[in-house]
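Here is a short, friendly tour of a protein model, with the coordinates alongside so you can follow each stop. Please have your viewer ready.

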Amino acid sequence: MKIPILYQDESIILVNKPPGIPSQPTVDKKRIDLYSALNRQLGFAVYQHHRLDRDTSGVILFAIDKKSNLPLTEMFKQHLF
C-alpha cells in the first residue's frame with residue numbers, strides 16, 4: 001500500500017490517510033495501519049502527532065526527526081496547531 005504524501009520537507013510530512021485503515025497499529029498485528037505503512041514506505045521511523053478514526057480520511061502530520069518532534073508536540077498540547 002502506497003501512502004499519498006501531500007507535503008514533505010526536512011522536518012515534517014503530511015499524508016492523506018485513506019478511509020478504512022487505522023491511523024496507528026492495533027491489537028491485530030496483521031491489520032495494515034497508516035503509521036507502519038508510512039515507515040516502511042519511507043525506510044525510516046516518523047513521529048505521529050494525531051490520528052483519525054479508521055473510517056475517516058484526511059491529512060495527518062508526522063515529524064521526521066526528534067528535533068522537529070518536540071516543537072510540534074508542544075504546539076498540539078497548547079492547541080496552537
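## Ser-68 in helix H2

This is a predicted model. A good place to begin is Ser-68, which sits in helix H2, residues 66-77. Is Ser-68 buried or exposed? Its relative accessibility is 10%, and the limit for buried is under 20%, so Ser-68 counts as buried.

Which residues does Ser-68 touch, once those up to four places away in sequence are set aside? They are Ser-11 and Ala-63. With Ser-11 there is also a polar approach: a polar atom of the Ser-68 side chain lies 2.9 Å from the backbone oxygen of Ser-11.

## Helix H1 and its ends

Helix H1 covers residues 34-42, and its buried residues are Leu-34, Ser-36, Ala-37, Leu-38, Asn-39 and Leu-42. The cover over them includes strands S1 (5-8), S2 (12-17) and S4 (58-63).

Both ends of H1 are worth a look. At the N-terminal end, Asp-33 acts as a cap, with a side-chain oxygen 3.3 Å from the backbone nitrogen of Tyr-35. After the helix comes Gly-43, which has a positive phi near 85°.

## Leu-34 up close

Leu-34 belongs to H1. Its relative accessible area is 0%, so Leu-34 is buried. Beyond its neighbours within four places in sequence, Leu-34 is in contact with Ile-3, Val-15, Lys-17, Ile-21, Pro-22, Ser-23, Ile-60 and Phe-62.

For a sense of distance, take Leu-34 and Ser-57: they are 23 residues apart in sequence, and their C-alpha atoms are 11 Å apart in space.

## A nonpolar patch on the surface

Turning to the surface, Leu-6, Tyr-7 and Val-59 make a nonpolar patch of about 280 Å². One of these residues, Tyr-7, is in strand S1. Tyr-7 has a relative accessible area of 39% and is therefore partly exposed.

## Salt bridges

How many salt bridges are there? The count comes to 2. In one of them, the side chains of Arg-51 and Asp-53 meet at 3.1 Å, N to O. Arg-51 is partly exposed because its relative accessibility is 47%, and Asp-53, at 46%, is partly exposed.

Another salt bridge joins the side chains of Arg-54 and Asp-55, at 3.4 Å, N to O. Here Asp-55 is exposed, with a relative accessible area of 55%, while Arg-54, at 37% relative accessibility, is partly exposed.

Methods. Residues are numbered from 1 along each chain as its sequence is written. This is a predicted model: local features need pLDDT of at least 70, side-chain atom pairs count only at pLDDT 80 or more; totals for chains, interfaces and linings use all residues. Side-chain values use heavy atoms; hydrogens and water are left out. Buried means under 20% relative accessible area, exposed over 50%, partly exposed in between (1.4 Å probe, protein chains only). Helices (H or I, at least four residues) and strands (E, at least two) are DSSP runs, numbered from the N terminus. Contact means heavy atoms within 4.5 Å. A polar contact is a pair of N or O atoms within 3.5 Å; within protein, one must be able to donate a hydrogen and the other to accept it, and residues adjacent in sequence count only if both atoms are side-chain atoms. Patches are made of residues with over 30% relative accessible area and no salt bridge: like charges are joined within 9 Å, nonpolar side chains (Val, Leu, Ile, Met, Phe, Trp, Tyr) within 5 Å. Accessible areas come from the Shrake-Rupley method with a 1.4 Å probe; for residues, only the protein chains shown count as cover. A salt bridge is a side-chain nitrogen of Lys or Arg within 4 Å of a carboxyl oxygen of Asp or Glu.
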